[in-house]
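Hi everyone, thanks for coming along. I'd like to walk you through a protein model today, so please pull up the view and follow with me.

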Amino acid sequence: MKKVDYYFDFLSPYSYLSWIWYTRNEESLEKDGVQFNLIPVALGQIINHYETKGPAEITPKRNYLFKDCLRFAKENKIKFTTPKSLPFNSLYVLRMALSLEGEEQMRFIDHIFKAGWEKGLEIGESESLEEILRDGNFETNLLEEVSSKDIRRQMKVNMKDAWAKGVFGLPSFLVDDELFWGNDSTRYLTLHLKGEDP
């Protein structure tokens, strides 16, 4: 069994695109004995840790990034838009994801990514999240989990783990102490998992 640590943030459009890749390939990955460990982390804190600027803070880079996402989405038949507010505070949904486990966590992550990056809904505000949670048949008391000491502590653990393992951007995949960064790295991640890493 190969274990892949998958670091992501709902704020990151490339995390959304990589999530679609993962869910489309989840069954075949499991058949090949690959297990993904889903690790929500805050992109802003990762960027600040390395004292760099986020893509959205550099106008030409931001413009390029969204064109790149649109091209990739079109080519791969992925619905792509942007959440109503961008950037937004993703800590609510990251902490909610941390409060869930197993299939329910998978279903939540999928629901939130699609609410924001497919439907263009507001996923950074508690008011709009109540309706989004109801639409996905999730308990609205998940919103109370965002202030839980245990969940906040777990988020800090996730951040320290990411930094310790050299995660500098999202999405990131870590397997066999080898780091793969970005949505476009899934090709090389797949080759690595097959023992064919060039």
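I'll go through strands, salt bridges, surface patches and a few backbone details, one at a time.

One thing before we begin: what you see is a predicted model.

Let's start with the strands. Please find strand 3, residues 172-175, and strand 4, residues 178-181. These two strands run antiparallel, and four bridges join them. Who faces whom? Take phenylalanine 173 as an example: which residue in strand 4 is its bridge partner? That would be phenylalanine 180.

Strand 3 has another neighbour as well. Strand 1 also pairs with strand 3 in the antiparallel sense, and here there are three bridges. If you look along that pairing, you'll see tyrosine 7 standing opposite serine 172 of strand 3.

Now, are the faces of strand 3 covered or open? Both are covered. Ser172 and Leu174 sit on one side, Phe173 and Val175 on the other, and all of them are buried.

Next, look at the turn of the hairpin made by strand 3 and strand 4. Two residues lie between the strands. Aspartate 176 in this hairpin takes a positive phi near 55°. Aspartate 177, in the loop between strand 3 and strand 4, also has a positive phi, about 65°, although it is not a glycine. Is aspartate 177 buried or exposed? Its relative accessible area is 77%, so aspartate 177 is exposed.

While we're on backbone angles, please jump to lysine 77. You'll find lysine 77 in the loop between helix 3 and helix 4. Its phi is near 55°, a positive value in a residue other than glycine. Lysine 77 counts as exposed too, at 72% relative accessibility.

That loop has a second detail for us. Proline 87 is also found between helix 3, residues 59-75, and helix 4, residues 91-98. The peptide bond leading from leucine 86 to proline 87 is cis, with omega near 0°. Where else can we see a cis peptide bond? One joins leucine 170 and proline 171, with omega about -5°. Proline 171 belongs to the loop between helix 8 and strand 3.

Let's move on to charges. Here's the background for anyone new to this: side chains of opposite charge can pair when their charged atoms come close. How many salt bridges does a search of the whole structure find? Eight. I'll show you some of them.

The first stop is lysine 165, which forms a salt bridge with aspartate 5. The closest N and O atoms of this pair are 3.4 Å apart. Lysine 165 lies in the loop between helix 8 and strand 3, while aspartate 5 is in strand 1, residues 2-8, so the pair ties together parts that are 160 residues apart in sequence. The two partners have unlike surroundings: lysine 165 is partly exposed, with a relative accessible area of 37%, whereas aspartate 5 counts as buried at 6% relative accessibility.

Lysine 165 also meets the side chain of aspartate 161 in a salt bridge, at 3.0 Å from N to O. Aspartate 161 counts as partly exposed, at 22% relative accessibility. Put these together and you have a network of salt bridges linking Asp5, Asp161 and Lys165.

For a pair within one helix, go to helix 5, residues 102-117. Aspartate 110 and lysine 114 both lie there, four residues apart, which is about one turn of the helix. They form a salt bridge, with the closest N and O atoms 3.2 Å apart. Lysine 114 counts as partly exposed at 28% relative accessibility.

Finally, let's turn to the surface. Lys149, Arg152, Lys156 and Lys160 gather there in a patch of positive charge. Lysine 160 is found in helix 8, residues 149-164, and is exposed, with a relative accessible area of 60%.

There is a nonpolar surface patch as well. Which residues make it? Tyr50, Phe168 and Trp181 do, and the patch covers about 310 Å². Phenylalanine 168 lies in the loop between helix 8 and strand 3, and it is partly exposed, with a relative accessible area of 40%.

If you'd like one thing to revisit in the viewer, try that loop between helix 8 and strand 3: phenylalanine 168 is there, and so is proline 171. Thanks for listening!

Definitions and conventions:
Residues are numbered from 1 along each chain as its sequence is written. This is a predicted model: local features need pLDDT of at least 70, side-chain atom pairs count only at pLDDT 80 or more; totals for chains, interfaces and linings use all residues. Side-chain values use heavy atoms; hydrogens and water are left out. Two strands pair if DSSP finds at least two bridges between them. Patches are made of residues with over 30% relative accessible area and no salt bridge: like charges are joined within 9 Å, nonpolar side chains (Val, Leu, Ile, Met, Phe, Trp, Tyr) within 5 Å. Accessible areas come from the Shrake-Rupley method with a 1.4 Å probe; for residues, only the protein chains shown count as cover. A salt bridge is a side-chain nitrogen of Lys or Arg within 4 Å of a carboxyl oxygen of Asp or Glu. Lys and Arg count as positive and Asp and Glu as negative; His and the chain ends are not counted. The place of a charge is taken as NZ of Lys, CZ of Arg, CG of Asp or CD of Glu. Buried means under 20% relative accessible area, exposed over 50%, partly exposed in between (1.4 Å probe, protein chains only).
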